[in-house]
Amino acid sequence: MDYLPRKIEKDLEKWIFRREVILLKGPRQSGKTTILKYFCQKFGGQYLSLEIEDYAQAIKRDPIKFARRYLKKKILYLDEVQYVKDIGRLNKDYS
C-alpha cells in the first residue's frame, strides 16, 4: 500500500528537530503509527512501540537509561505510549 500524505505533516516537520516532545493523538485507525514510521524513514531516528512488553518494561524500570540508549539516533518515535502508566511523568523526570 502506498503512503498517503497527511495534512498535519507540514506542521510536524516544523517541530521535528526541536528537543521537545511532540504528542500525536487521534482516533483508532487514523494513521498515527503510519506517520510515525514514515517520519522515521524520512528524517531518521528510532521507532519503538511500547506495545512490545520489553520496551514498556525497560522504560518503566529505568527511563534515563532507556532514553540514553535510544536517543543516540536523535529522534525517538514512541508509539502506543498508553501501555506505560504515567509516561508523562517519566518524560518530565528526564528533561
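In this predicted model, Lys 42 and Glu 13 form a salt bridge, with their closest N and O atoms 2.7 Å apart. Lys 42 sits in helix H2 (residues 32–43) and Glu 13 in helix H1, so the contact ties together parts that are 29 residues apart in sequence. Neither end is fully out in the open: Lys 42 is partly exposed at 43% relative accessible area, and Glu 13 is partly exposed too, at 22%.

That bridge is one of three salt bridges in the structure. Another stays inside helix H1 (residues 9–15), where Asp 11 and Lys 14 are three residues apart, or about one turn of the helix. Their side chains meet at 3.7 Å, N to O. Asp 11 is partly exposed, with a relative accessible area of 43%, while Lys 14 reaches 61% and counts as exposed. Then there is Glu 20 with Arg 18, whose closest N and O atoms are 4.0 Å apart. Here Glu 20 is partly exposed at 48% relative accessibility, and Arg 18 is partly exposed at 44%.

Glu 9, also in helix H1, goes without such a partner. This residue is buried yet has no salt bridge, and the nearest side chain of opposite charge, that of Lys 42, is 4.9 Å away. That distance misses the cut-off, because a salt bridge needs the side-chain nitrogen within 4 Å of a carboxyl oxygen. What Glu 9 does touch, leaving out residues up to four places away in sequence, is Tyr 3, Leu 4, Ile 35, Tyr 38 and Phe 39.

Several of those neighbours turn up again among the aromatics. Tyr 3, Tyr 38 and Phe 39 belong to one aromatic cluster that also takes in Phe 17 and Phe 43. The structure holds six aromatic pairs. In one of them, the rings of Phe 17 and Phe 43 have centres 5.6 Å apart and planes at 85°, so the pair is edge-to-face. It links distant parts of the chain, with Phe 17 in the loop between H1 and H2 and Phe 43 in helix H2, 26 residues apart. Phe 17 is exposed at 58% relative accessible area, whereas Phe 43 is partly exposed at 23%. Tyr 38 and Phe 39 also pair edge-to-face, since their ring centres are 6.1 Å apart and their planes stand at 65°. Tyr 38 is partly exposed at 23%, but Phe 39 is buried, with just 3% relative accessible area.

As for the nonpolar interior, the largest core has nine residues: Leu 48, Leu 50, Ala 56, Ala 58, Ile 59, Phe 66, Tyr 70, Val 84 and Ile 87. Helices H3 (53–61) and H4 (63–70) each supply at least two of them, and H3 gives the most, with three. Apart from this core lies another, of eight residues, including Ile 35, Phe 39, Cys 40 and Ile 75. Back in the largest core, Leu 50 has a long contact list; beyond its neighbours within four places in sequence, it contacts Tyr 55, Ala 56, Phe 66, Leu 78, Asp 79, Glu 80, Val 81, Tyr 83, Val 84 and Ile 87.

Two of those contacts, Leu 78 and Asp 79, bring in strand E2 (residues 76–79), which has a covered face with Tyr 77 and Asp 79 and an uncovered one with Leu 76 and Leu 78. E2 pairs with strand E1 (residues 46–49) in the parallel sense, over four bridges. Across the pairing, Gln 46 stands opposite Leu 76.

Conventions. Residues are numbered from 1 along each chain as its sequence is written. This is a predicted model: local features need pLDDT of at least 70, side-chain atom pairs count only at pLDDT 80 or more; totals for chains, interfaces and linings use all residues. Side-chain values use heavy atoms; hydrogens and water are left out. Buried means under 20% relative accessible area, exposed over 50%, partly exposed in between (1.4 Å probe, protein chains only). Helices (H or I, at least four residues) and strands (E, at least two) are DSSP runs, numbered from the N terminus. Two strands pair if DSSP finds at least two bridges between them. A nonpolar core is a set of buried Ala, Val, Leu, Ile, Met, Phe, Trp, Tyr and Cys residues joined through side-chain atoms within 4.5 Å. Contact means heavy atoms within 4.5 Å. Lys and Arg count as positive and Asp and Glu as negative; His and the chain ends are not counted. Rings of Phe, Tyr and Trp (its six-membered ring) pair if their centres lie within 6.5 Å; planes under 30 degrees apart count as stacked, over 60 as edge-to-face and the rest as tilted.
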